[in-house]
Amino acid sequence: MTLAALDPWALAFVAAAMLLAGFVHGALGFGFPLIATPIAALALDMKAAIVLVAPVTLVVTLLSVARGGGWREAIVNFWYLPLAMAFGSYGGTRLLIGAKPTPFLLVLALLIVVYLALDRVKRGENPFVKRWRVTIGLLVGLVAGVFEATANVAVPPLIIYLMLLGLPPMATVQTLNLCFSVGKGVQVGTWALYGGVGGLLWLSAAALVVPSVAALFAGMRVRERIDALTYRRWLRRALGAMAALLLAQYVHLEFVAGAAATIVP
C-alpha cells in the first residue's frame, strides 16, 4: 500500500483534516480519530485512511496522557480496559488487512451515528455495571479494540461504559486516552508486521504528526476559553454531515460503481 498515485490535493485535504482533528482533540480532550478518519476516508480508500491516521493518533493520545495528569490512577482503576483493547485491536487489524475496505466505511458511519446518539443515554451510575465492572469492562474493551482497528473509532462503547460507572469527566478523558494509546500502539505494530504498508505511507504519516501536534497544543490552550456547548453543537453537526457523506460514498462504491462494473463488458 503506497501513496504513489495519490493526488497532491488529496494529501492537502488529509493534512487539513489532521489539523482540524488535532485542534478538536486538544479542545475536548479526545476525538482525533473521530474527526480525522471520516474526512481522510473521503479522499483515500478506507485502509489507507486508517493507516495514515493511526500513527498520528498514537502520538496525539500519548501527549494527551502525559499532559493531562492522573494517568497512574487510570491504570490502577481501569487496567483491564487497555489490556482488552490490545487483543481486540490486534484481531480487528488482522481482519481489516485481509478484508475488502468498502464495508468499513459503513461501520465508521454507523459508529459516528452511535456517538451522536450518546447524549440521549441517561447519565449516572448503573449498579449492575458497577457490580460487574471488570467482566463488562473486558467485553467493552475487546469490542472497542475491534472498532479501533477497523474504523479508528473506539469512543462509543468506552464512553457509554464509563458514563454508567459514573466516572467524572476529567477521569473519563484520561482513561479514554490511555485506552487509545494502547489500542493504537497495537494497531500500528500489527500493520507494520503484517500489512505490507509501503514506506511512503509511513513517511506521510510521520510528516502529518507535526501539524497535528501543533494544532493539539493550540486546542489545549483554548480549552478553558471556548463556549463548550456551542462548540459541541457545531461538532455534532459536522460529524452528522460526515456520516451522511460516508454513507453516500459506501452506497456509491458498493452499489452504483459495482453495478456499472458488471454492465461494462
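**Entry 1: the nonpolar patch**

I started with the nonpolar surface patch and asked which element gives the most to it. Helix H8 does, with 3 residues. The model is predicted, and I read every value with that in mind. The patch covers about 730 Å². I listed its members: Trp71, Ile75, Trp79, Leu83, Phe87, Val134, Leu138 and Leu142. Next I looked up which elements give two or more residues to the patch. They are helix H4 (71–78), H5 and H8.

I picked out two members for a closer look. Ile75 sits in helix H4. Its relative accessible area is 36%, so I logged Ile75 as partly exposed. Trp79 has a relative accessible area of 46% and is also partly exposed.

**Entry 2: helix H8 itself**

I went on to the helix behind those 3 patch residues. H8 runs over residues 133–151, which makes 19 residues. From first C-alpha to last I get 25 Å. The expected value at 1.5 Å a residue is 27 Å, and the span found is close to that.

Which residues of H8 are buried? I noted Gly137, Val140, Gly141, Ala144, Gly145, Glu148, Ala149, Thr150 and Ala151. Glu148 in that list caught my eye, and I kept it for the next entry.

**Entry 3: a buried salt bridge**

I searched for salt bridges and the count came to 1. Glu148 pairs with Lys184, with the closest N and O atoms 3.0 Å apart. Glu148 belongs to helix H8 and Lys184 to helix H10. They are 36 residues apart, and the pair links distant parts of the chain.

Are the two partners buried or exposed? Glu148 has 1% relative accessibility, which puts it under the 20% limit for buried. Lys184 has a relative accessible area of 0% and is buried too.

**Entry 4: the residue after H8**

I followed the chain past the end of H8. Just after the helix, Asn152 takes a positive phi of about 65°. Asn152 is not a glycine, yet phi is positive. I placed Asn152 in the loop between H8 and helix H9 (155–164). Is Asn152 buried or exposed? Asn152 is buried, at a relative accessible area of 0%.

**Entry 5: aromatic pairs**

How many aromatic pairs does a search of the whole structure find? I counted 3. In one of them, the ring centres of Trp79 and Tyr80 are 5.6 Å apart. Their planes stand at 90°, over the 60 degrees needed, so I called the pair edge-to-face. I compared the surroundings of the two residues. Trp79 is partly exposed at 46%, whereas Tyr80 is buried at 0%.

Another pair is Tyr90 with Tyr194. Here the distance is 6.4 Å centre to centre, and the planes are 75° apart. I wrote this pair down as edge-to-face as well. Tyr90 lies in helix H5 (residues 80–97), and Tyr194 lies in helix H10 (residues 169–194). The pair therefore ties together parts that are 104 residues apart in sequence. I checked accessibility for both rings. Tyr90 is partly exposed at 38%, and Tyr194 is partly exposed at 42%.

I then looked for rings joined into a group. Phe78, Trp79 and Tyr80 form a cluster through ring pairs. Trp79 is thus a name I have under two headings: the nonpolar patch and the ring cluster.

Which residue lies over the face of Tyr194? I found Arg94 there, at 4.0 Å from the ring centre.

**Entry 6: a contact far apart in sequence**

I looked up Leu245 and Leu42. They are 203 residues apart in sequence. In space, the C-alpha to C-alpha distance is 7.8 Å. Leu245 has its place in helix H12 (residues 228–263). I noted Leu245 as partly exposed, with a relative accessible area of 45%.

**Entry 7: the whole chain**

Last, I stepped back to the overall make-up. How many helices and strands are there in the protein chain? I have 12 helices and 0 strands. Read along the sequence, the pattern is α-α-α-α-α-α-α-α-α-α-α-α. The protein chain has 265 residues, and 49% of them count as buried.

Definitions and conventions:
Residues are numbered from 1 along each chain as its sequence is written. This is a predicted model: local features need pLDDT of at least 70, side-chain atom pairs count only at pLDDT 80 or more; totals for chains, interfaces and linings use all residues. Side-chain values use heavy atoms; hydrogens and water are left out. Helices (H or I, at least four residues) and strands (E, at least two) are DSSP runs, numbered from the N terminus. The expected span of a helix is 1.5 Å times one less than its number of residues. Buried means under 20% relative accessible area, exposed over 50%, partly exposed in between (1.4 Å probe, protein chains only). Rings of Phe, Tyr and Trp (its six-membered ring) pair if their centres lie within 6.5 Å; planes under 30 degrees apart count as stacked, over 60 as edge-to-face and the rest as tilted. A charge sits over a ring if NZ of Lys or CZ of Arg is within 6 Å of the ring centre and within 35 degrees of the ring normal. Patches are made of residues with over 30% relative accessible area and no salt bridge: like charges are joined within 9 Å, nonpolar side chains (Val, Leu, Ile, Met, Phe, Trp, Tyr) within 5 Å. Accessible areas come from the Shrake-Rupley method with a 1.4 Å probe; for residues, only the protein chains shown count as cover. A salt bridge is a side-chain nitrogen of Lys or Arg within 4 Å of a carboxyl oxygen of Asp or Glu.
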